[in-house]
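Here's a quick briefing to read alongside the model. Keep the viewer open as you go.

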Amino acid sequence: MSLVRWRPARNILSIQDEINRMFGDFLGDVRGEDGAMMSLPLDIIEKNDKFVVAADLPGLKKEDIRITLQNNLLTISGTKSKKSESKDDAHYMMERSFGSLCRTVNLPPSIDHSGIEAEFVDGVLSVMLPKKEDAKPKEIRVGIK
Amino acid sequence: MIRFNLMPNPALANRNPRAPQPRVDVFENDTEFNLKIEIPGALKDDVKIWVENDLLIVSGEKKRNISEDDQAIISERNFGRFQRSFRLPDNADRNNIEAELQNGVLVIVLKKSAESKPKDISIK
């Protein structure tokens with residue numbers, strides 16, 4: 001029997017993943033049709049001491065992004081505005097989408113809320129969610145008699 | 001799940017859902033053409049822009065920054081190589097092209113050649 005590492009966050013996040021997948025499948029058809037991006041693509045990576053939520057937000061500025069934490073829900077929202085282009089301009093290709101974006105992630109209970117940090121570099125938002133001390137993997141040495 | 005049986009759209013034919021082509025807006029005003037290409041997370045050194053005959057070609061790579069110990073719980077973002085090419089209009093000045101990365105958007109500005117700019121003609 002192989003050993004499977006216990007990841008307490010896995011079950012909780014997998015429900016979100018399931019929902020996202022369900023809607024993703026549905027929206028996938030819509031997206032393919034008009035080329036517009038309907039939602040905000042996210043990555044969630046588990047590291048030894050933290051989770052990292054990364055989101056692609058090209059064209060937004062730091063001030064356009066809002067991150068809120070309520071109960072155990074982390075919400076990333078933002079508005080991508082098109083105001084930099086004047087109305088007189090002639091458009092040849094319009095594949096980019098503009099408007100409001102919002103995603104909510106259900107956080108696992110093992111996160112230290114006071115230590116959450118975020119950075120926005122090159123159009124990618126990274127939210128660092130440190131794990132609580134007791135949720136970090138620990139090495140326990142067992143002496144053999 | 002029922003999927004709609006859509007006719008293949010040639011514009012989307014080369015889109016692989018895991019490594020799609022970056023989205024582009026192209027527009028022009030009186031003096032220049034503007035291309036805005038969304039490549040969030042791509043670094044300046046990973047992007048190459050060149051002109052070949054009448055084509056402006058942008059290619060590069062979005063690299064995934066993940067180590068072996070990391071566990072991906074959700075991965076929806078796209079990584080990998082991308083390339084897009086654009087046919088240059090006759091009045092684009094091939095020697096006057098500037099590019100800049102701004103918050104994950106590559107902005108390429110092509111100046112129009114002087115003779116193609118709209119001119120006001122006064123009435124004698």
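What follows covers confidence, the sheets and a few single residues.

This is a predicted model, in which local features need pLDDT of at least 70 and side-chain atom pairs count only at pLDDT 80 or more, while totals for chains, interfaces and linings use all residues. Residues are numbered from 1 along each chain as its sequence is written, chains are lettered from A and ligands numbered from 1 in the order in which they are written, and side-chain values use heavy atoms, with hydrogens and water left out.

**Confidence**
- The predictor puts the complex at an ipTM of 0.74 and a pTM of 0.72.
- Chain B has an average pLDDT (the predictor's confidence in each residue, from 0 to 100) of 82, and 82% of its residues reach at least 70.
- Strand 8 of chain B has the highest confidence in that chain, at a mean of 94, and strand 5 of chain B the lowest, at 88; strands here are DSSP runs of E with at least two residues, helices are runs of H or I with at least four, and both are numbered from the N terminus.
- Go easy on residues 1-15 of chain B: pLDDT stays under 50 there, and the model has 16 contacts for them beyond four places in sequence, a contact being heavy atoms within 4.5 Å.
- Where pLDDT is low, the predicted coordinates should not be read in detail.

**Chain A at a glance**
- Chain A has one helix and eight strands, and the run from the N terminus is α-β-β-β-β-β-β-β-β.
- Of the 145 residues in chain A, 37% are buried (under 20% relative accessible area; exposed is over 50%, partly exposed in between, with a 1.4 Å probe and protein chains only).
- Take the contacts in chain A between residues at least 6 apart in sequence: 57% of them join residues at least 24 apart.

**Two sheets that use both chains**
- One open sheet has five antiparallel strands in the order 5(A)-1(B)-2(B)-8(B)-7(B), where two strands pair if DSSP finds at least two bridges between them.
- Its edges are strand 5 (90-94) of chain A and strand 7 (92-102) of chain B, each pairing on one side only.
- Strand 7 of chain B is joined to strand 8 (residues 105-112) of chain B by seven bridges, and Ala99(B) sits opposite Ile108(B).
- The other open sheet, also five strands with antiparallel pairing, goes 7(A)-8(A)-2(A)-1(A)-5(B).
- Here the edges are strand 7 (117-121) of chain A and strand 5 of chain B, each with pairing on one side only.
- Five bridges link strand 7 of chain A with strand 8 (residues 124-130) of chain A, and Phe120(A) stands opposite Leu125(A).

**Residues to click on**
- Arg77(B) is in the loop between strand 5 (71-75) and strand 6 (80-87) of chain B and is buried, at a relative accessible area of 7%.
- The Arg77(B) side chain makes a polar contact with that of Asp56(A), at 2.8 Å; such a contact is a pair of N or O atoms within 3.5 Å, and within protein one must be able to donate a hydrogen and the other to accept it, with residues adjacent in sequence counting only if both atoms are side-chain atoms.
- Most residues other than glycine have a negative phi.
- Asp122(A), in the loop between strand 7 and strand 8 of chain A, has a positive phi near 50° and is partly exposed at 31%.
- Asn53(B) also has a positive phi near 50°; Asn53(B) lies between strand 3 (47-52) and strand 4 (55-62) of chain B and is exposed at 72%.
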